[in-house]
Amino acid sequence: MTNIITIGDLHGSPVWKQVRPEEWDRVVFIGDYVDSGDFTAQEIIVNLEEIIELKKQQPERIVLLMG
């Protein structure tokens, strides 16, 4: 059985960091990464860069969808 967690509607929020990727076979981000009124542009950019870095570190486990 495959354990999958989905993370969506971040809107710039770093809440995804509460997920421990090593506990899941797949971590699927479902989009809406950047549009927000609650975070500064710099916070949103840093958050997105960290998500992309996670994908680079664990390409087989992390899935990034557009949406």
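This passage describes the fold, the helix, the aromatic residues and two individual positions of the chain.

The structure is a predicted model, in which local features need pLDDT of at least 70 and side-chain atom pairs count only at pLDDT 80 or more, whereas totals for chains, interfaces and linings use all residues. Residues are numbered from 1 along each chain as its sequence is written, and side-chain values use heavy atoms, with hydrogens and water left out.

The chain contains 1 helix and 3 strands, where helices (H or I, at least four residues) and strands (E, at least two) are DSSP runs numbered from the N terminus. Their order along the sequence is β-β-α-β. The radius of gyration, taken over C-alpha atoms, is 12 Å, close to the 11 Å that the globule rule gives for 67 residues, so the chain is as compact as a globular protein of that length. The globule rule is 2.2 Å times the number of residues to the power 0.38. Along its principal axes, the C-alpha trace spans about 40 × 20 × 20 Å. Of the 67 residues, 27% are buried; buried means under 20% relative accessible area, exposed over 50%, and partly exposed in between (1.4 Å probe, protein chains only). The chain exposes about 4,500 Å², of which carbon and sulfur atoms supply 55%, with accessible areas obtained by the Shrake-Rupley method with a 1.4 Å probe and, for residues, only the protein chains shown counted as cover. Contact means heavy atoms within 4.5 Å. Among contacts between residues at least 6 apart in sequence, 52% join residues at least 24 apart.

Helix α1 comprises 17 residues (41–57) and reaches 24 Å from its first C-alpha to its last, close to the expected 24 Å at 1.5 Å a residue. The expected span is 1.5 Å times one less than the number of residues in a helix. Within α1, Ile44, Asn47, Ile51 and Leu54 are buried. Viewed down the axis of α1, its buried residues fall within an arc of 85°, so they line one face of the helix; the arc is that of the directions from the helix axis to the C-beta atoms. An α-helix has 3.6 residues a turn, so residues three or four places apart point the same way. The buried residues of α1 pack against β2 (26–29) and β3 (62–64), while Ala41, Gln42, Lys56 and Gln57 are exposed on the other side of the helix.

The structure holds 2 aromatic pairs. Rings of Phe, Tyr and Trp (its six-membered ring) pair if their centres lie within 6.5 Å; planes under 30 degrees apart count as stacked, over 60 as edge-to-face and the rest as tilted. Trp16 and Phe29 form an edge-to-face pair, with 5.9 Å centre to centre and 70° between the planes. This pair links distant parts of the chain, 13 residues apart: Trp16 lies in the loop between β1 (4–7) and β2, and Phe29 in strand β2. Phe29 also pairs with Tyr33 in a tilted arrangement, at 6.4 Å centre to centre and 35° between the planes. Trp16, Phe29 and Tyr33 thus form one aromatic cluster. Both Trp16 and Phe29 are buried, and Tyr33 is buried as well.

Leu65 is located in the segment after β3 and counts as partly exposed because its relative accessibility is 39%. Leaving aside neighbours within four places in sequence, Leu65 is in contact with Val28, Phe29, Ile30, Gly31 and Tyr33. Ser13, in the loop between β1 and β2, counts as buried because its relative accessibility is 16%. Outside its neighbours within four places in sequence, Ser13 is in contact with Phe39 and Asn47.
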